[in-house]
Amino acid sequence: MKDSIYEIERKYLIRFPDREVLNSCSGKTEITQTYLISRDGHSSRVRKRGLDGVYTYTHTQKTRINDVKRIELEREISREEYESLMQDADPSRGVIRKTRYCLDYREQLFEIDVYPFWTDRAIMEIELDDEDQQIFFPPGVQIIDEVTADKRYTNSSLARHVPYDSI
């Protein structure tokens, strides 16, 4: 659980990372993310996260402040509550499945999300303490573009293009 309700994040489209970069990561986890029918202007999702049959479940609501800053309310939920909330899955979106790699570099934590529907690119995110905080990019990661403000690269938008038969 976070100390703050604010999420300050920058997001980058990167070339698909090579094995050397992925092998240098400090952690790996499988994520299944389902968007729920939106109510009151909030984005709402449930997430199953883990590896090798050991999972945690969360429910998250986000409200956009600006391109970089959002209010994020996240809470851990039980498997039963997760399954119940799945009944409210947004039928206009598929389920996002991704593998997240955590990369520590110069006291910064980068998260690299690898999606099964892309073989040439991935998304790298970093959460910041301040909107103007300097970022030191890890060597070996090739940035294509910053996509923080590009709505096409939100998981919510990507879920609109995921094949529904992968659910």
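Which ring does the charged end of Lys48 sit over?

**Solution.** The ring is that of Tyr55, and the charged end of Lys48 lies 4.4 Å from its centre. The test: NZ of Lys or CZ of Arg within 6 Å of the ring centre and within 35 degrees of the ring normal. Arg106 gives another case, over the face of Phe136 at 3.8 Å from the ring centre.

This is a predicted model, where local features need pLDDT of at least 70, side-chain atom pairs need pLDDT 80 or more, and totals for chains, interfaces and linings use all residues. Numbering runs from 1 along each chain as its sequence is written, and side-chain values use heavy atoms, without hydrogens and water.

**Exercise 2. Classify the ring pair of Tyr12 and Phe137, then place it in the sequence.**

**Solution.**
- Rule: rings of Phe, Tyr and Trp (its six-membered ring) pair if their centres lie within 6.5 Å; planes under 30 degrees apart are stacked, over 60 edge-to-face, the rest tilted.
- Geometry: the centres are 5.0 Å apart and the planes stand at 85°, so the pair is edge-to-face.
- Place: Tyr12 lies in strand S1 and Phe137 in the loop between S8 and strand S9 (143–146), so the pair ties together parts 125 residues apart in sequence. Strands (E, at least two residues) and helices (H or I, at least four) are DSSP runs, numbered from the N terminus.
- Exposure: Tyr12 is buried at 6% relative accessible area, while Phe137 is partly exposed at 33%. Buried means under 20%, exposed over 50%, partly exposed in between (1.4 Å probe, protein chains only).

**Exercise 3. Do the same for Tyr57 and Tyr82.**

**Solution.**
- Geometry: this pair is tilted, with 4.8 Å centre to centre and 45° between the planes.
- Place: Tyr57 is in strand S4 and Tyr82 in helix H2 (residues 79–85), so the pair joins parts 25 residues apart in sequence.
- Exposure: Tyr57 is buried at 11% relative accessibility. Tyr82 is buried too, at 8%.

**Exercise 4. Describe the surroundings of strand S7 (residues 108–114).**

**Solution.**
- Cover: six of the seven residues of S7 are buried.
- Partner S6: the two strands pair in the antiparallel sense over seven bridges. Pairing needs at least two DSSP bridges. Leu103 stands opposite Phe110 in S7.
- Turn: the hairpin of S6 and S7 has two residues between the strands, and Arg106 there takes a positive phi near 50°.
- Partner S8: S7 and S8 pair in the antiparallel sense over four bridges. Glu111 stands opposite Glu125 in S8. Six residues lie between S7 and S8 in their hairpin.
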